[in-house]
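Q: Could you take me through one part of this structure up close? I'd like to see how a single strand fits in with whatever is around it.

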Amino acid sequence: MIDIDKIIALDVHTHAEVSCRQPHDDYRPEFDEAFSKYFKVTKRPTIQETCDYYRKLNIAFVMFTIDAEFELGRRRIPNEEVAEEAAKNNDVMIPFASIDPHKGKMGVREAKNLIEKYGVKGFKFHPTVQGFYPNDKMAYQIYEVIAAAGLPMLFHSGHSGFGAGVRGGGGLRLEYSNPIHLDDVAIDFPDIPIIIAHPSWPWQDEALSVALHKPNVYIDLSGWSPKYFPPQLIQYANTLLKDRMLFGTDFPLITPERWLKDFETAGFKEEVKPLILKENAIRMLQLKK
């Protein structure tokens, strides 16, 4: 179990990038090439390597894969692998799952199984790479399973580095990830946390508006160094939304060392920093018994 008094932070946004159970699927290598160029990432750690790394830093973390098999035609890393690795490293790792909403009733069955038998603690959606609007009723049958379990749902928002630079963007549509579409989801599922991931450029104001209006909506600060955060994001993090801002890195794309270093001088109030670094996430994930 995670010792919430001991950890210095809780990172709500890290990626499982390498499977130890199946080979990497290079069905569309142009995505990998553009990804490495855009993010300047060469090495992708295994799940266990990530656990060991975060343990040394005394930081707990949420991890997930992304299931975009429908839109990309690429085999995902198994949700079961993420959950089982988390069970072996439960002092530092919290498992989220990812299921492409296009999987319909099979996706519903998988979600139930992951919750009941594997103990996943939330679900990640990426509208751009999964090819759907978050408020599309197609996805609601999976949302309903998640909501019945009282678990959070985390949605990518804003620009997508994945597909950036590929011819035609790889066919991926940025519009799917405008956070204004989560306004409907927050209305229809008002009793579970809905997390808008990243500074939502070019729709930062839409994200702030949805979070300000809907009390079950959180914003995670992953994917960017804090020194590049829009000023209005810092303004609301210091004031009206200080209880619903969450530390996240997007590791391995950004390391927690870099993020935390830049966070110190980005303009956040001292009394707000502990809320962002771990207290808001501990409350949202119901880790305090």
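A: What follows is a walk around one strand, β6, and then a short look at two loops and a pocket. Keep in mind that this is a predicted model.

Let's start with the strand itself. β6 covers residues 194-197 and has both of its faces covered. On one side you find I194 and I196, on the other I195 and A197, and all of these are buried. Here "buried" means under 20% relative accessible area.

Now zoom out to the sheet. Five strands make an open sheet, in the order β4-β5-β6-β7-β8, with parallel pairing. At the edges are β4 (123-125) and β8, each of which pairs on one side only. In that order, β6 sits between β5 and β7, so let's take its two neighbours in turn.

On one side is β5, residues 153-156, which runs parallel to β6 and is joined to it by four bridges. If you want one of the contacts to look for, M153 has I194 as its bridge partner in β6. How does the chain get across from β5? Together with helix α8 (residues 182-188), β5 and β6 make a β-α-β unit, and that unit is right-handed.

The chain then carries on from β6 through helix α9 (residues 204-213) to β7, and this β-α-β crossover is right-handed. β7 takes in residues 217-220, and again four bridges link it to β6 in a parallel arrangement. You can pick out individual partners here too: I195 stands opposite Y218, while I196 has I219 as its bridge partner in β7.

Next, follow the chain out of the strand. The loop between β6 and α9 holds H198, and this residue has a positive phi of about 80° although it is not a glycine. H198 is also buried, at a relative accessible area of 6%. Further along, P202 is in the loop between β6 and α9 as well. The peptide bond leading into P202 from W201 is cis, with omega near 10°.

With that loop in mind, jump to the one between β8 (245-246) and α11 (256-263), where P252 is found. The peptide bond from F251 to P252 is cis, and its omega is near 15°. D250 lies in the loop between β8 and α11 too, and phi of D250 is near 80°, a positive value in a residue other than glycine. With 7% relative accessibility, D250 counts as buried. So you can look at these two loops side by side: one has H198 with its positive phi and a cis bond into P202, and the other has D250 with its positive phi and a cis bond into P252.

To finish, here's a different spot to explore, the second largest pocket, which has about 560 Å³ of space. It is lined by 22 residues, and the closest to its centre are M1, I94, G119, K121 and L287. Two elements, α4 (79-88) and β3 (93-95), give two or more residues to this lining. Of these, α4 gives the most, with four residues. Sorted by class, the lining of the second largest pocket has 15 nonpolar residues, four polar ones and three charged ones.

Note on methods
Residues are numbered from 1 along each chain as its sequence is written. This is a predicted model: local features need pLDDT of at least 70, side-chain atom pairs count only at pLDDT 80 or more; totals for chains, interfaces and linings use all residues. Side-chain values use heavy atoms; hydrogens and water are left out. Buried means under 20% relative accessible area, exposed over 50%, partly exposed in between (1.4 Å probe, protein chains only). Two strands pair if DSSP finds at least two bridges between them. A crossover is right-handed if, with the strands pointing away from the viewer, the path from the first strand over the helix to the second runs clockwise. On a 1 Å grid over the protein atoms alone, a cavity is a set of points where a 1.4 Å probe fits but cannot get out, and a pocket is an open set with protein on both sides within 12 Å along at least five of seven lines; lining residues have an atom within 4 Å of a point. Grid points are joined across faces, edges and corners, and a volume is the space filled by probe spheres set on the points. Ala, Val, Leu, Ile, Met, Phe, Trp, Tyr, Cys and Pro count as nonpolar, Asp, Glu, Lys and Arg as charged, and the others, Gly among them, as polar.
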